[in-house]
Amino acid sequence: MRTTGNFVSTIVQVNKIGRSYGFRNGSHWAEKAVRLNEIDQKHFLQFKRCSEMFTKIQGISTDEISVSSSLIAASKEFLYCISCSQLRNVVKQEPKLPTGTFRAYIKEFHWKGIDGEPYDFKFAIVNNGDNTDPEYTIYINNAPHLSTALNDVHRFHILGASDNPYICWDTEITAFDKANAVMIVWAQNYKKELDEDKKRNGYVHPQKKAPSRKHALPHGTFRSEESVNEEVANNKQKVVYIEKKVMQKIMNILGKRKPELGGMLGFSEEQDLVTHFVFDKYAKVNRVEYNPNTKFLDTVLNEKWSKENIYLAGFVHSHPGNFNQLSMADVEYATRICQEFDMEHLFMPIVTSATDSKSSITGYIVTNDGQILDCDIEVMDSSITENHEWEDVPVELLEAARSELQAMAQRKSTTPDPLSQNETFARISTTVPLDYMKDCTVIGIGCGGARGFYEDMARCGVGKFILMDGDISSRSNIASQNGYISEIGKPKASVVKGRLCDINDNLQIVAMDRMLDDSFSDEDFRQTLEGIGAIPERTVICGFTDSFQAQARCQKLAKTFRIPLLAAQHHANGDSSEVIYWYPGVSRYSQEEILAPRYEAYANGFKNDVTSVGSPIFNTTRLNALCEKIALGILLYQSDDHSRYTSFLRYNPDRNLILIRQKCLDFSNSMVEGFFGHRAEDHFDDVVWLNPQVLL
């Protein structure tokens with residue numbers, strides 16, 4: 001319609017005049033004009049409505065929309081007022097971003113101790129996991145009496161440089177709100193302990209409480225039927241418009257990655273519409289901070305955006321979980337940017353990355369005097385993005401955190417109690433030399449089905465473990481490898497390490513989340529052994545993996561370092577299982593000699609498609625049980641105690657190929673069927689110990 005076309009052309013002319021005055025557009029001029037009393041509040045609201053309507057009808061044919069006569073009249077008055085204006089905006093030449101930091105999810109407590117000394121707790125909550133499997137850890141910086149924290153019952157350890165240490169609470173928290181609850185309870189408990197420490201050392205005496213005064217409620221009424229005054233009612237929350245493609249880019253980059261990333265936002269030349277987003281890909285970031293790369297962003301501002309009439313609108317950066325609030329550092333830095341760029345306000349939205357909740361964006365505006373204003377975000381041709389408001393921590397979560405801290409104090413201490421260690425292994429002390437076993441090492445290659453083996457070896461008193469597996473726990477491992485739902489997505493080696501520490505809190509464990517192959521050199525292996533203090537004659541390397549290459553690498557390492565080898569695996573569907581052990585200087589045949597045809601086949605390009613798939617858990621448990629007895633005999637062979645478990649090495653060292661019939665193999669065409677008897681009473685679960693001479 002002609003009237004709509006006239007409206008558009010009028011506002012285009014208004015914006016052109018505004019830019020000639022040094023403003024982004026006419027709306028930018030109006031904001032400053034009303035503050036300097038060049039126009040009144042009534043005119044400002046009329047002009048604001050014109051700008052908002054102009055933004056909404058961008059890209060829409062004038063034949064499809066009609067603009068009211070009142071807005072057309074307001075646009076003409078808008079043009080008249082700006083044409084007569086003497087107001088000019090002094091723009092700095094090539095302004096540069098100040099250095100600074102956007103800092104997220106940090107919380108501070110300022111409490112006083114019993115002697116009046118301030119306790120300033122500054123916390124950071126960090127996601128050590130990823131978006132699909134978050135694992136939050138709590139850090140505290142600049143805590144009073146920092147050195148005493150290592151000795152308290154809540155099991156803390158120092159992380160970071162000595163001149164700027166952090167204390168980390170040693171536990172796993174998989175939800176942000178739980179981490180926040182634990183943080184509050186921890187601060188309460190630590191303050192109490194610091195006060196008690198001062199009492200014990202006679203630093204202060206408890207202060208007498210001032211007599212309490214009576215409080216009386218003033219007379220008054222809560223009223224819901226009365227409306228607020230008209231001025232407040234018309235003071236609507238600011239709306240920021242963002243192009244759909246820009247919003248999608250922001251959410252795809254910041255909403256789907258780990259938090260503490262960010263970028264710069266720009267307004268179009270025509271209106272307050274965010275049309276540009278530059279991801280700050282060269283920024284310096286860590287778990288709690290986003291430091292903009294000012295050199296990179298200044299280049300974008302002064303060399304690219306200035307030529308395209310794009311103006312700085314603000315910054316967007318990401319926080320974890322549901323933490324969608326600006327931090328104090330965010331506000332302080334945004335204020336400094338406003339002052340540097342002579343801006344009245346800065347648009348500062350927060351994106352919550354998708355961890356334990358749906359990713360979202362929440363709008364904020366920070367003024368040049370440090371005020372924080374909420375704002376709505378309207379996506380052009382799209383719906384408003386969902387906002388997630390921060391809520392106070394529920395009481396039940398605080399209670400759960402207190403219970404968890406109490407449980408930690410009971411089950412963990414900084415140094416193991418020798419008496420409790422003796423009690424742990426009291427029932428096997430007459431059979432297993434516990435003092436000797438503390439210096440024994442089990443090297444585990446493969447932490448899937450063998451996890452039960454490692455757990456049982458820890459229950460036998462083995463004191464050192466080296467675990468290696470590059471695989472991740474999956475749901476399919478629950479039925480076949482003693483897995484649990486809570487472990488899905490976690491590295492298998494790390495999971496087994498946690499299980500072992502829950503059996504014996506005095507273990508030495510090295511867990512490597514990687515596969516064993518030729519890239520793990522002999523020197524790497526040597527350093528790992530030396531790091532844990534492994535004694536070769538008290539060590540066994542266990543090849544418990546379906547990978548032939550990893551099994552072959554185990555054999556090479558065993559020969560090179562003169563360490564006993566134990567290898568085991570299932571045959572197809574777990575119908576039968578094989579075990580091979582090799583003790584240097586005792587066993588006549590090595591794994592390579594026993595399985596010579598297998599080695600030759602792989603050397604000629606053979607690809608194996610048989611794994612442990614199809615084998616129920618009891619087959620694995622049966623195989624582990626036999627391997628545990630063999631491993632115990634290998635570890636104890638050099639001990640002074642002639643254990644009942646070492647007889648197979650002492651009297652039949654050459655029978656080092658062992659087969660287990662896990663099911664009836666008669667008429668199954670199994671390659672090992674002939675090694676078992678065919679008596680009517682034989683069905684399964686019998687074991688044969690073979691001299692490899694029968695194969696060679």
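Where does Asp513 lie? This is a predicted model, and in it Asp513 sits in the loop that runs between strand 19 and helix 16 (522-532). Its relative accessibility is 42%, so Asp513 counts as partly exposed rather than buried, the limit for buried being under 20%. The loop residue has partners from elsewhere in the chain. Leaving aside residues up to four places away in sequence, Asp513 touches Asp469, Gly470, Pro491, Ala493 and Ser494. Asp471 is 42 residues away along the chain, yet the C-alpha atoms of Asp471 and Asp513 are separated by 7.3 Å.

Now step back to the whole chain. The protein chain has 696 residues, and 48% of them count as buried. Its secondary structure comes to 21 helices and 24 strands. Take the contacts in the chain with a separation of 6 or more: residues 24 or more positions apart account for 69% of them.

Next comes the sheet that contains strand 19. It is an open sheet of eight strands. The strand order is 19-18-17-20-21-22-23-24, and the pairing is mixed. Strands of a sheet pair through backbone hydrogen bonds, either parallel or antiparallel. Strand 19 (508-512) and strand 24 (687-690) stand at the edges. Each has a single partner strand, so one side of each is left without a neighbour in the sheet. On average, neighbouring strands of this sheet are turned by 15 degrees against each other, direction ignored.

Look at the edge formed by strand 24. Strand 23 (residues 657-661) pairs with strand 24 in the antiparallel sense, over four bridges. Which residue does Ile658 stand opposite in strand 24? The residue is Trp689.

Helices lie across this sheet. Helix 15 (residues 492-501) lies across strand 18 (464-468) and strand 19. Its direction is at about 165 degrees to strand 19. Helix 17 (residues 548-561) lies across strand 17 (441-445), strand 20 (539-543), strand 21 (565-570) and strand 22 (576-582). Helix 17 runs at about 170 degrees to strand 21.

Helix 17 also packs against a helix. Two packed helices are described by the angle between their axes and the distance between the axes. For helix 17 and helix 19 (residues 596-603), the angle is about 120 degrees and the axes are 12 Å apart. That makes helix 17 oblique to helix 19. The crossing of helix 17 with helix 19 is left-handed. On the helix 17 side, the contact residues are Phe548, Gln549, Ala552 and Gln555; they meet Arg598, Tyr599 and Tyr602 in helix 19. By class, this contact has four nonpolar, two polar and one charged residues.

Finally, turn to another helix pair. Helix 2 (residues 26-35) packs with helix 4 (residues 69-84) at an angle of about 70 degrees, and their axes are 11 Å apart. Helix 2 is therefore roughly perpendicular to helix 4. Helix 2 passes helix 4 in a left-handed crossing. Which residues of helix 2 meet helix 4? They are Gly26, Ser27 and Trp29, and they meet Phe78, Cys81 and Ile82. By class, the contact of helix 2 with helix 4 has four nonpolar and two polar residues, with no charged residues.

Key:
Residues are numbered from 1 along each chain as its sequence is written. This is a predicted model: local features need pLDDT of at least 70, side-chain atom pairs count only at pLDDT 80 or more; totals for chains, interfaces and linings use all residues. Side-chain values use heavy atoms; hydrogens and water are left out. Axes are lines fitted to C-alpha atoms, for helices over the stretch in contact, and angles run from 0 to 180 degrees between N-to-C directions. Helices (H or I, at least four residues) and strands (E, at least two) are DSSP runs, numbered from the N terminus. Angles under 35 degrees count as roughly parallel, over 145 as roughly antiparallel, 65 to 115 as roughly perpendicular and the rest as oblique. A crossing is left-handed if the near helix is turned anticlockwise from the far one by less than a right angle, and right-handed if clockwise. Contact means heavy atoms within 4.5 Å. Ala, Val, Leu, Ile, Met, Phe, Trp, Tyr, Cys and Pro count as nonpolar, Asp, Glu, Lys and Arg as charged, and the others, Gly among them, as polar. Two strands pair if DSSP finds at least two bridges between them. Buried means under 20% relative accessible area, exposed over 50%, partly exposed in between (1.4 Å probe, protein chains only).
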